[in-house]
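Let's walk through this one together, question by question. Have the viewer open and follow along.

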Amino acid sequence: MSRQQAQLTIALSPTGAAISPLIYGVNNEHDPARLKLLGATVNRLGGTPWSALNGPIRATNSGNDYYFHNYDSIGGIPNDPAGFHQRTSGVGGTTMLTMPLLDKVAKDTKSYAYSVRKYGQQKDVLEGDAGNGVKPDGSLIATNDPADAYTANTPALQETWLRSLPGSIPLFGLDNEPMLWHNSHRAAHPEGARMQEVIAATKTYATKVRSVLPNAAILGPEEWNYEGCFTSGYDAKRAKSLSYNPASYPDRKANGGQDWIPVYVRALKEHTDQTGQRLIDYLSVHFYPHNATGQTLLEDKSDTPAIQALRLRATRSLWDPSYVSEDYIKDFGPPNNTIRLIPRLKQWAAVFPGTKTALTEYSFGPDNLLVSALAQVEALGIFGREGLDLACRWPSPNPSSPVGLAFRLFRNYDEKGGQFGTLVQSTSLSGSSADTLSAFAALDEKRTALTLILVNKSLTQSLSLKIDTLQGDTAFRSTLFVRSPFTLAAMAYRLEGAGTSAAQLTRLPDPAVVQNTSLSLSLPAQSATLLIVYPKARRIPKNS
């Protein structure tokens, strides 16, 4: 197997940007032991059912995820936001709950929206009578009575729920993907949501959160994907009949011909300007890149070389202004087919100064694939480097899965709480294989060690890497590493596979002592390596 060459230069600086600890979040992790092993920092209780949460009776409606059925549990786990917070905070995690904005919520824990006895035979039926709302000919049932499964959502109902919760809950997301209500919750909201409808609901229910739990931060609009940032549900429902011509969309025209997210941010800024009350702290969306056939990379379980390479390239959508999306987003045309999601979120948020940015659902592939894990490592590194403020991976991975090991590489590499650094350091790559390598560097909080994650994205070729570890601020280098000439030591951990899907995270034999600020390292194909570099005078934990 051939070996390519690359050189990495790291410029040390004491003023590197701080990495937000909240970028290492997950969704719906109910086991505190798993949460702790992952080192996950945020735990979001969210998804389709929580749009219809009737908090006082702990009822949700599963929407089109599962027969539009009301339940007191999800996946066998009781609906218990307060208990979820207790379990999360008990291991040092930050809880994020969902505040419903949908105009109807579950009326009880047993009803369902599309009875076969009442509305006729349907394509798919649960337990003899709970249908999926689709007629045998494929058309949708459009005449159902929402009262079969729902009751009105009101500020009073939600206030009762909020007052039943612990006062220490730190984060609330406003609903879940409101511009998809006409699909995910069509039994309750068959019409697509308009921009001003969601803004009005945001003002109503975010005000309740502010009044009852004033210390909680609020995230919105929790939109469904990148394309959901541009078009309202009302217009999306009519897009095909209007030849997908945004200039013809009625709700867009009613809002000055503007995209949805800019309309949302400006409206909430104007609310603050007029009232002095701030209703969102984070601009938050979801992101699921797709394959060429329109299937999300999470749903695509294949592991062919072509899909492996796509998973890794798709992370460029998070930041790269030169990367044109390879799924249907490419049909948007310039400039919107170049996603550069984090810079774009920051640009939108800047209209409302002080607004942070969040990605509360995302995935680049199934948990069990090695390349999914490498893409996850890449994503976490990008989040830190690009200054994203909060992120939650969907779903929470098993800590022993390849994607779970990717989290642990950053957050718990030694199962003793060992973590990647918190102060970003500048890196630059050169050499013949620089395009197949990613490097993320950070100093620890005390500025006493340098952490470095290296991802060899080549599917077949190992890599010889020379690292110049100590360029940059001369005075700071001398302070950090005592004196010149610099003599260093390092620990190394590696995430790699024993096949196309199996993975392991292990500590490697300690690299040789580093003299004169540089070291050389061999990186196997499809691997992620963590280096922790210390002054030689510091005692290195034994490799046991």
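Q: What radius of gyration does the protein chain have, and what does a comparison with a compact globule say?
A: This is a predicted model, and its protein chain has 544 residues. A compact globule with that many residues would have a radius of gyration near 24 Å, which agrees with what the chain has. The value for the protein chain is 25 Å.

Q: What does the C-alpha trace of the protein chain span along its principal axes?
A: The radius of gyration is a single number, so the spans along the principal axes are a useful addition to the 25 Å of the chain. For the C-alpha trace, these spans come to about 80 × 45 × 45 Å.

Q: How many helices and strands make up the secondary structure of the protein chain?
A: Both kinds of element are present in the protein chain. Among the contacts with a separation of 6 or more, 73% join residues 24 or more positions apart. The count of elements is 14 helices and 26 strands.

Q: What percentage of the residues of the protein chain count as buried?
A: A residue counts as buried when its relative accessible area is under 20%. The accessible surface of the chain comes to about 21,100 Å², with 51% of it belonging to carbon and sulfur atoms. Of the 544 residues, the buried share is 57%.

Q: How far apart do the centres of the positive and negative side chains lie?
A: The protein chain has 53 positive side chains and 48 negative ones. Taking the centre of each set, the distance between the two is 6 Å.

Q: Is strand β14 largely enclosed or open, going by its buried residues?
A: β14 covers residues 217–223. Because 7 of its 7 residues are buried, the rest of the structure surrounds this strand. That makes β14 largely enclosed.

Q: Which strands pair with β14 in the parallel sense?
A: Strand β13 (residues 171–174) pairs with β14 over 3 bridges, and here L171 stands opposite A217. Strand β15 (residues 282–287) pairs with β14 over 4 bridges, where P221 has S284 as its bridge partner. The parallel partners are therefore β13 and β15.

Q: Which peptide bond leading to a residue of β14 is cis?
A: P221 lies in strand β14. The bond leading to P221 has an omega near 5°. It is the bond from G220 to P221.

Q: Where does P335 lie, given that the peptide bond from P334 to P335 is cis?
A: The bond from P334 to P335 has an omega near 5°. P335 lies in a loop, with α10 (305–314) and α11 (341–349) on either side. Its place is the loop between α10 and α11.

Q: Is E127, with its positive phi, buried or exposed?
A: E127 has a phi of about 50° although it is not a glycine, and it lies in the loop between β10 (125–126) and β11 (130–131). Its relative accessibility is 75%, and the cut-off for this class is over 50%. E127 therefore counts as exposed.

Q: What is the relative accessibility of S243?
A: S243 is not a glycine, yet its phi is positive at about 60°. S243 is found in the loop between α7 (233–238) and α8 (250–254). S243 counts as exposed because its relative accessibility is 60%.

Q: How many residues of helix α13 are buried?
A: Helix α13 spans residues 402–411. Its buried residues include R408 and R411, along with F407 and F410. The helix is largely enclosed by the rest of the structure because the buried count is 10 of the 10.

Terms used
Residues are numbered from 1 along each chain as its sequence is written. This is a predicted model: local features need pLDDT of at least 70, side-chain atom pairs count only at pLDDT 80 or more; totals for chains, interfaces and linings use all residues. Side-chain values use heavy atoms; hydrogens and water are left out. Helices (H or I, at least four residues) and strands (E, at least two) are DSSP runs, numbered from the N terminus. The radius of gyration is taken over C-alpha atoms; the globule rule is 2.2 Å times the number of residues to the power 0.38. Buried means under 20% relative accessible area, exposed over 50%, partly exposed in between (1.4 Å probe, protein chains only). Contact means heavy atoms within 4.5 Å. Accessible areas come from the Shrake-Rupley method with a 1.4 Å probe; for residues, only the protein chains shown count as cover. Lys and Arg count as positive and Asp and Glu as negative; His and the chain ends are not counted. The place of a charge is taken as NZ of Lys, CZ of Arg, CG of Asp or CD of Glu. Two strands pair if DSSP finds at least two bridges between them.
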